[in-house]
Amino acid sequence: MNLLSNFIDYGIVGILLVLSIVVVAIAMERYSFYRKLDIKDFKDIKSLELTLTKKLFVIASVGANAPYVGLLGTVLGIMLTFYNMGTDAAMDTGKIMTGLALALKATAVGLIVALVAVVIYNALLRRVKVLMLEWEIANGR
C-alpha cells in the first residue's frame with residue numbers, strides 16, 4: 001500500500017508538474033515565434049492561421065484534462081484511505097484526515113495546472129486573432 005501511496009503522491013502530482021512545464025515551454029516558444037513573425041510573408045489567411053495555431057491544441061488539452069488527472073489522484077487517495085481504515089479498525093482520526101488531505105492535494109494541483117493552461121491558451125489565442133486581423137487589414141480584406 002505504501003507503493004500506491006507514493007504513486008498517488010509523486011506519480012500523479014509529478015505528471016501534473018510535467019504537463020505544466022510542457023505548457024509553459026510551448027507558451028514561451030509560441031510567444032517568441034509570434035514576436036519574430038512577419039505577417040507579410042503569408043499569401044493567404046488560412047496558411048497564416050495554420051502557422052499561428054500550431055501546438056496550441058496541446059495547451060488546450062492540458063487545460064481541459066489536468067483537473068481529471070488531479071481527480072484521479074484524489075479518488076485513488078481516498079480509496080487507499082478507506083482500504084487502510086478497513087484493514088485497521090483501530091485507526092485514529094489523525095491518520096484518516098492526513099490521508100484525505102493528501103488525496104485532495106492532487107485535485108488542487110490539477111486545478112492550478114488547468115487554470116494556468118487555460119489563461120495561457122486564451123492569451124495566445126488572443127494574440128493569434130490580433131495577428132490575423134493585422135494581416136486582413138494589411139491585405140485589404
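## Surface patch

Tyr-68, Leu-71, Val-75 and Met-79 form a nonpolar patch on the surface (side chains joined within 5 Å, each residue with over 30% relative accessible area and no salt bridge, that is, no Lys or Arg side-chain nitrogen within 4 Å of an Asp or Glu carboxyl oxygen). Together they have about 420 Å² of accessible area (Shrake-Rupley, 1.4 Å probe). Met-79 sits in helix α3 (a DSSP run of H or I, at least four residues).

This is a predicted model, with pLDDT of at least 70 for local features and 80 or more for side-chain atom pairs, while totals use all residues. Numbering starts from 1 along each chain, and side-chain values use heavy atoms, without hydrogens or water.

## Largest pocket

The largest pocket has 15 lining residues (an atom within 4 Å of a pocket point on a 1 Å grid; a 1.4 Å probe fits, the set is open, and protein lies on both sides within 12 Å along at least five of seven lines). Ser-5, Leu-80, Asn-84, Gly-99 and Leu-102 lie nearest its centre.

Helices α1 (2-36), α3 (56-87) and α4 (93-138) each supply at least two lining residues. α4 gives the most, with 5.

## Helix α4

The 46 residues of α4 should span 68 Å (1.5 Å times one less than the residue count). Its end C-alpha atoms are 67 Å apart, which agrees. Just after α4, Gly-140 takes a positive phi of about 65 degrees.

Technical notes. Patch = residues over 30% accessible without salt bridge, like charges linked within 9 Å, V, L, I, M, F, W, Y side chains within 5 Å.
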